[in-house]
Amino acid sequence: MAIVNGNYANLKESYLFADIANKVAAYAAANPDKKIIRMGIGDVTMPLARCVVDALVKASIDQGSADTFHGYGPEQGYKFFQDAVAGYYADFGVELDAKEIFCSDGAKSDCGNLTDLFCNADTILIPDPVYPVYLDTNIMCGRNIKYMEGNPENGFLPMPPKDIKADVIYLCSPNNPTGAVYSKEQLEAWVAYALENDSVILFDAAYEAFVSDPAVPRSIYLIPGAKKCAIELCSLSKLGSFTGTRCGYTIVPLELVRPDEQGNMMSLNKMWLRRQTTKYNGTSYIIQRGAEAIFSEEGLKQCRKNLAYYQENAKIMMAGLDKVGIKYFGGVHSPYIWLQCPNGMGSWEFFDMLLEKFGIVGTPGAGFGKCGEGYFRLTAFGSRENTIEAMERIVAGFGK
Ligand code: MLT
């Protein structure tokens with residue numbers, strides 16, 4: 001008899017965004033005439049940059065000729081992809097060895113896959129509220145999870161706990177869902193904590209491209225010592241509009257070593273390479289060529305235009321919320337606005353009201369953890385027209 005992984009029974013019935021998609025589909029079916037404005041899942045609306053499309057087309061044509069055809073590629077990614085990422089990081093002051101960069105099909109997959117590197121006895125420290133993937137993937141393998149509270153008092157930026165010695169720590173900055181960003185000093189405190197406790201930080205930098213202040217670190221590796229204690233995950237979903245095209249990368253420093261259960265020192269870079277060569281056949285050549293083009297001068301120029309468009313949306317949203325006196329966090333270095341539900345409403349209560357009365361979809365804060373109760377996330381990834389319309393609906397509804 002096959003015995004299945006009982007940890008799955010400890011998960012919520014369904015994944016947060018699947019749950020919301022089902023609710024919205026039911027509402028849309030019951031109200032076919034209503035225009036629904038989607039500000040829930042952080043999915044982009046701007047298309048791929050022209051030079052990225054050209055690179056994808058060219059790479060597809062390469063695959064049709066024997067002399068330019070590519071079969072199985074290196075599991076960790078082609079050198080051209082690694083060099084492109086290394087060049088991008090060098091531009092903001094981080095030196096990476098190509099061997100430290102592993103191409104993925106997006107940060108979400110690697111975020112779950114990285115649990116393979118750690119032992120079941122490890123204590124996992126997770127912020128609350130949090131991107132549900134960190135939590136669910138650790139529940140799936142039955143890990144000992146400790147939470148650190150994000151709240152208005154700490155600006156939703158929990159700092160190292162004095163009473164917990166965590167082995168693996170998840171940090172996300174700019175943060176999903178709250179839009180909060182750690183300062184250099186705050187990240188220095190985290191790196192110091194990780195070095196003191198021999199922990200490993202899993203740093204999710206998926207939203208780094210939204211940082212508009214050079215004093216705010218876009219990578220944990222801008223903090224001295226971080227290469228000895230941190231793995232960084234990043235995604236091209238938001239920077240390059242790759243939510244549907246799928247590509248990201250994970251940086252596992254060569255300097256990062258930790259002991260196994262017998263005390264043998266292990267290189268996490270070597271372990272990850274071993275894991276990827278065994279369980280992953282690499283991101284497709286075509287997609288990596290498209291991703292490479294994102295990092296070209298022309299690609300970045302176009303992608304930054306898209307980011308500026310979303311940043312303008314965020315400003316429109318913040319102005320609307322200011323008008324009706326709804327408090328919020330984020331929105332500055334982030335496409336997410338984390339608002340306090342008005343009139344003391346619960347997150348799901350506000351979700352239902354916003355959908356039914358105003359035809360707007362957002363994400364209930366409670367879906368990101370118990371500290372998210374009473375909060376609500378809106379994304380700035382919509383079209384300008386829809387963003388303006390959504391805010392007009394909110395201002396009209398709450399302005400009295
Ligand atoms: C979100 O809405 O939190 C993200 O778009 C989900 C993701 O990146 O997987």
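This passage describes the ligand site, one sheet and several unusual backbone positions in a predicted model.

The ligand occupies the largest pocket of the protein. Its surroundings are made up of F17, I41, G42, Y131, N176, Y207, K238, Y336 and R377. When these neighbours are sorted by class, five are nonpolar, two are polar and two are charged. Three of the residues in this shell can be described through the distances between their polar atoms and the ligand. In G42 the backbone is involved, with an N or O atom lying 2.6 Å from an oxygen atom of the ligand. In Y131 it is the side chain that takes part, and one of its N or O atoms is 2.5 Å from a ligand oxygen atom. The side chain of N176 likewise places a polar atom 2.8 Å from an oxygen atom of the ligand. The extent to which the protein covers the ligand was also computed: taken alone, the ligand exposes 270 Å², and 84% of that area is buried by the protein.

One residue of the ligand shell, Y336, also belongs to a strand, since β12 comprises residues 336-340. This strand is part of an open, antiparallel sheet of four strands, arranged in the order β11-β12-β15-β14. Strands β11 (328-330) and β14 (363-364) each have a single partner and stand at the edges, so one side of each has no neighbour in the sheet. The antiparallel pairing of β11 with β12 extends over three bridges. Within this pairing, G330 is found opposite I337 of β12.

The backbone geometry was examined next. In general, most peptide bonds are trans, and most residues other than glycine have a negative phi. Against this background, the peptide bond from S173 to P174 is cis, with omega near -10°. P174 is located in the loop that runs between β5 (168-172) and α6 (184-197). A cis peptide bond also leads from N176 to P177, where omega is near 20°. P177, too, is placed in the loop between β5 and α6. The residue that precedes this bond, N176, is one of those around the ligand. A further departure concerns phi: D198 is not a glycine, yet its phi is positive, at about 55°. D198 lies in the loop between α6 and β6 (200-204).

Note on methods
Residues are numbered from 1 along each chain as its sequence is written. This is a predicted model: local features need pLDDT of at least 70, side-chain atom pairs count only at pLDDT 80 or more; totals for chains, interfaces and linings use all residues. Side-chain values use heavy atoms; hydrogens and water are left out. A residue is near a molecule or strand if one of its heavy atoms lies within 4 Å of it. A polar contact is a pair of N or O atoms within 3.5 Å; within protein, one must be able to donate a hydrogen and the other to accept it, and residues adjacent in sequence count only if both atoms are side-chain atoms. Accessible areas come from the Shrake-Rupley method with a 1.4 Å probe; for residues, only the protein chains shown count as cover. On a 1 Å grid over the protein atoms alone, a cavity is a set of points where a 1.4 Å probe fits but cannot get out, and a pocket is an open set with protein on both sides within 12 Å along at least five of seven lines; lining residues have an atom within 4 Å of a point. A molecule sits in a cavity or pocket if more than half of its atoms lie within 2 Å of its grid points. Ala, Val, Leu, Ile, Met, Phe, Trp, Tyr, Cys and Pro count as nonpolar, Asp, Glu, Lys and Arg as charged, and the others, Gly among them, as polar. Two strands pair if DSSP finds at least two bridges between them. Helices (H or I, at least four residues) and strands (E, at least two) are DSSP runs, numbered from the N terminus.
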